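Biologist: Please show me the model, and then let me ask how its labels are justified.

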Amino acid sequence: MKDFLETALLAPLEQLGRQVLAVLPNVLAMGIIILFGFVAAWGLGHAVERLLRVVRLDQLCNRLGINAALARGGVKSDPSHLVGRAAYWIIVAFSTVAGLGALNLQPVNQFAQSFLAYIPHILTAGVIVVLGYLLSNFISQGVLIAAVNASLPPARLIAMMSRWGVQIFALAMALEELGIAQSVVVVGFGITFGGIVFASALAFGLGAKDLAKDYLERTLSNRARDRAPDDLRHL
Amino acid sequence: MGSDTIEPSNDQLKSPSVALTPETESLVQDVGDVEMLVGIPSYNNADTIAHVVRAVSAGLAKYFPGQRAVLVNSDGGSSDGTPDEVSRAVVDFGALLISDQQSRLQKIITPYHGIPGKGSAFRTIFEIARRLNAKACAVVDSDLRSITPEWIELLLRPILDENYDYVAPYYLRHKYDGTITNSIVYPLTRTLYGQRIRQPIGGDFGFSGRLTDHYLDQHVWESDVARFGIDIWMTTEAIASGARVCQSFLGAKIHNPKDPASDLAAMLMQVLGAVFALMEEHHGVWSRVHESMPVKLYGFQYEVGVEPVNVNVERMIASFQQGLADLTPIWEQVLGRETVAELKPLQAVSAADFRIPDDLWVRVIYEAALAYHARLMPREHLLKAITPLYLGRTATFVLETQGLTTVEAEGRIEQLCLAFESRKSYLVERWN
């Protein structure tokens with residue numbers, strides 16, 4: 001009876017106890033790492049937000065039209081707060097992955113490694129999207145002003161097309177960076193872009209043939225002077 | 001203002017501002033010291049430059065006989081033989097009843113280094129003037145058709161005899177000629193710096209050796225000033241440095257017409273950008289100026305028929321109205337909602353009733369200057385976005401002065417200047 005108790009009940013319990021004791025430091029370490037991560041994330045998140053307010057990031061973003069774009073997208077927070085929160089969540093994510101790594105479990109380790117390896121791609125894609133957005137704003141504003149100064153009636157349409165062109169291009173680059181449907185993105189972008197160029201060329205050639213002729217004549221010869229509507233000298 | 005704030009020259013201690021070619025160095029050594037120097041910047045001006053060179057030669061010989069002078073052509077790599085035209089151009093002094101002084105006038109024909117543009121050409125001319133210890137200098141455009149020998153006397157004499165440092169040109173112009181000058185640059189420069197220089201971006205100037213040194217010592221030669229904006233920079237820098245300035249009446253200015261359809265937005269950006277950049281640099285000077293003073297005008301003034309100017313008002317109004325329709329968000333960012341709201345009613349008015357009042361125009365320019373200073377948007381965009389507004393204001397000026405003589409139209413410009421001056425305190429307050 002005593003042997004039975006020792007082998008059937010106590011031995012497994014003892015083994016379980018040993019296993020628990022073996023894992024307990026790892027669990028404790030995980031808890032400490034995650035807790036420390038949350039505290040660090042909270043502190044650094046606030047520090048980043050305060051720093052960005054000091055360097056007037058919000059005003060800069062306002063000038064660049066980012067605040068307006070965020071408002072259009074239903075985001076009411078200002079950029080400093082958003083970047084602060086982003087810093088908070090990045091640190092939380094890192095500390096969680098690091099904490100799980102402390103458990104030293106094979107599947108968790110593999111997930112952590114894959115996650116860490118993917119982070120640079122996510123960051124690069126994010127940077128591409130943000131830069132693409134800023135560039136599209138800058139280019140479309142310049143195109144709009146140039147088109148108005150050239151008295152082109154569809155000035156806003158041209159500016160909008162330039163904005164979307166740059167944004168689609170940036171999005172395609174970001175998706176390729178993330179490895180999402182790479183071939184589909186490249187082919188899709190190629191077909192779309194080529195189609196737009198072909199359609200524009202056809203539309204211009206057929207619908208604005210006189211305008212094209214006039215433009216080429218003015219560009220390649222000196223007839224502009226003869227046809228100028230006035231000879232105002234501005235300087 | 002007095003001339004005492006300009007540092008006296010001491011060329012022995014100064015290092016060269018810009019390198020000269022070995023050939024030019026050698027020529028400068030051969031020429032030695034001179035009393036006067038006349039510079040002509042050029043780029044593909046073979047058609048007109050010979051006339052300018054002959055006028056300069058005759059002017060120096062007729063009005064400054066016996067004084068050592070040199071003519072400097074600073075060329076930007078012309079491919080049409082411009083330097084050859086300069087070296088070949090000679091004057092028949094006998095026909096002009098001038099005793100031969102040709103041997104005294106020497107020519108230095110040199111390419112310039114640096115960023116391509118009139119500013120870099122001037123820098124080389126200034127450097128040569130400093131090396132030659134020139135007491136009085138003048139620069140004239142190479143595409144002038146109306147230059148006469150008298151221009152040279154009028155640009156140099158106030159410096160040599162009256163101790164002025166800077167001589168600005170005063171031309172007879174058609175009332176619609178020089179509309180950027182009339183509606184922006186003249187009123188704004190006069191309001192800011194307190195000197196009523198009527199043609200601050202005239203292109204033909206006289207200046208002293210001391211001022212040449214001052215120009216060379218400024219660190220602007222790698223900036224946009226080297227490309228464009230050199231004319232307004234020279235005028236503003238002269239006033240702001242405390243130089244003694246005057247004007248000389250040169251009569252009509254006729255020069256090779258530039259294509260009127262050439263990029264107005266780029267032209268406006270260059271000029272307005274230079275004016276606004278100089279406002280930032282000389283804030284300490286202009287913020288203390290409270291009123292403008294007349295500037296001494298030399299020369300015999302006369303009336304002369306000027307070339308007629310054809311104007312298409314409807315096209316200018318259409319450009320303004322398209323700007324109002326398409327650029328409103330940008331204008332609101334630059335000028336503020338209130339100012340744009342006052343422009344809005346002009347969207348629907350007929351050409352006959354179209355007017356941008358003086359007061360509103362002054363606010364447009366001041367708000368644009370403040371937005372430039374605050375960097376509210378990329379500066380190139382800001383400056384180019386002003387173009388339709390400028391066309392609207394020009395249309396207003398044409399409509400208001402249609403039946404007026406040039407003298408009467410000048411009265412309208414004076415009214416605009418007074419409007420600029422009356423609101424200056426707003427600009428000063430907002431700038432700080």
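The exchange below concerns a predicted model and sets its values against the cut-offs in use.

Biologist: What makes Arg375(B) exposed?

Modeller: Arg375(B) has 11 other C-beta atoms within 10 Å. The cut-off for exposed is 12 or fewer, so Arg375(B) is exposed. Arg375(B) is found in the loop between helix H14 (358–374) and helix H15 (379–384) of chain B.

Biologist: What is the phi of Arg375(B)?

Modeller: Phi of Arg375(B) is positive, about 50 degrees, although Arg375(B) is not a glycine.

Biologist: Why is Asn133(B) called partly exposed?

Modeller: Asn133(B) has 14 C-beta neighbours inside 10 Å. A residue is exposed at 12 or fewer and buried at 20 or more; 14 lies in between, so Asn133(B) counts as partly exposed. Its phi is also positive, near 55 degrees, in a residue other than glycine. Asn133(B) sits in the loop between helix H4 (118–131) and strand S4 (136–139) of chain B.

Biologist: How do you know that the span of H6(A) agrees with its number of residues?

Modeller: H6(A) has 24 residues, and at 1.5 Å a residue they should span 34 Å. The end C-alpha atoms of H6(A) are 35 Å apart, so the two values agree.

Biologist: Which residues of H6(A) are buried, and what comes just after the helix?

Modeller: The buried ones in H6(A) include Ala155(A), Arg163(A), Val166(A) and Leu175(A). Gly179(A), just after H6(A), takes a positive phi of about 75 degrees. Across chain A, buried residues make up 15% of the 235 residues.

Biologist: What are the elements of chain A?

Modeller: Chain A has nine helices and zero strands. Of its contacts between residues at least 6 apart in sequence, 62% join residues at least 24 apart.

Biologist: Where is pLDDT low in chain A?

Modeller: Over residues 222–228 of chain A, pLDDT stays under 50, and the model has eight contacts there beyond four places in sequence. Among the elements of chain A, H9(A) has the lowest mean pLDDT, 44, while H6(A) has the highest, 90. Where pLDDT is low, the predicted coordinates should not be read in detail. For chain A as a whole the mean pLDDT is 82, and 89% of the residues reach 70 or more.

Biologist: Which elements of chain A touch chain B, and how many residues does each chain bring to the contact?

Modeller: The contact takes 21 residues from chain A and 34 residues from chain B. On the side of chain A, helix H5 (106–149), helix H6 (155–178) and helix H9 (223–227) each give two or more residues. H5(A) gives the most, with seven residues. By class, this side of chain A divides into 10 nonpolar, five polar and six charged residues.

Biologist: How is chain B divided, and what makes up the contact between its domains?

Modeller: Chain B consists of domain 1 (3–298) and domain 2 (313–420). Their centres, taken over C-alpha atoms, are 31 Å apart. In the contact, 20 residues of domain 1 of chain B meet 22 residues of domain 2 of chain B. Helix H6 (179–193) and helix H9 (264–281) of chain B each supply at least two residues on the domain 1 side. H9(B) gives the most to that side, with nine residues. The domain 1 side has 11 nonpolar, six polar and three charged residues.

Definitions and conventions. Residues are numbered from 1 along each chain as its sequence is written. Chains are lettered from A and ligands numbered from 1 in the order in which they are written. This is a predicted model: local features need pLDDT of at least 70, side-chain atom pairs count only at pLDDT 80 or more; totals for chains, interfaces and linings use all residues. Domain bounds come from an automatic or database domain assignment. Two residues are in contact if their C-beta atoms, placed from the backbone, lie within 7 Å. Helices (H or I, at least four residues) and strands (E, at least two) are DSSP runs, numbered from the N terminus. Ala, Val, Leu, Ile, Met, Phe, Trp, Tyr, Cys and Pro count as nonpolar, Asp, Glu, Lys and Arg as charged, and the others, Gly among them, as polar. The expected span of a helix is 1.5 Å times one less than its number of residues. pLDDT is the predictor's confidence in each residue, from 0 to 100.
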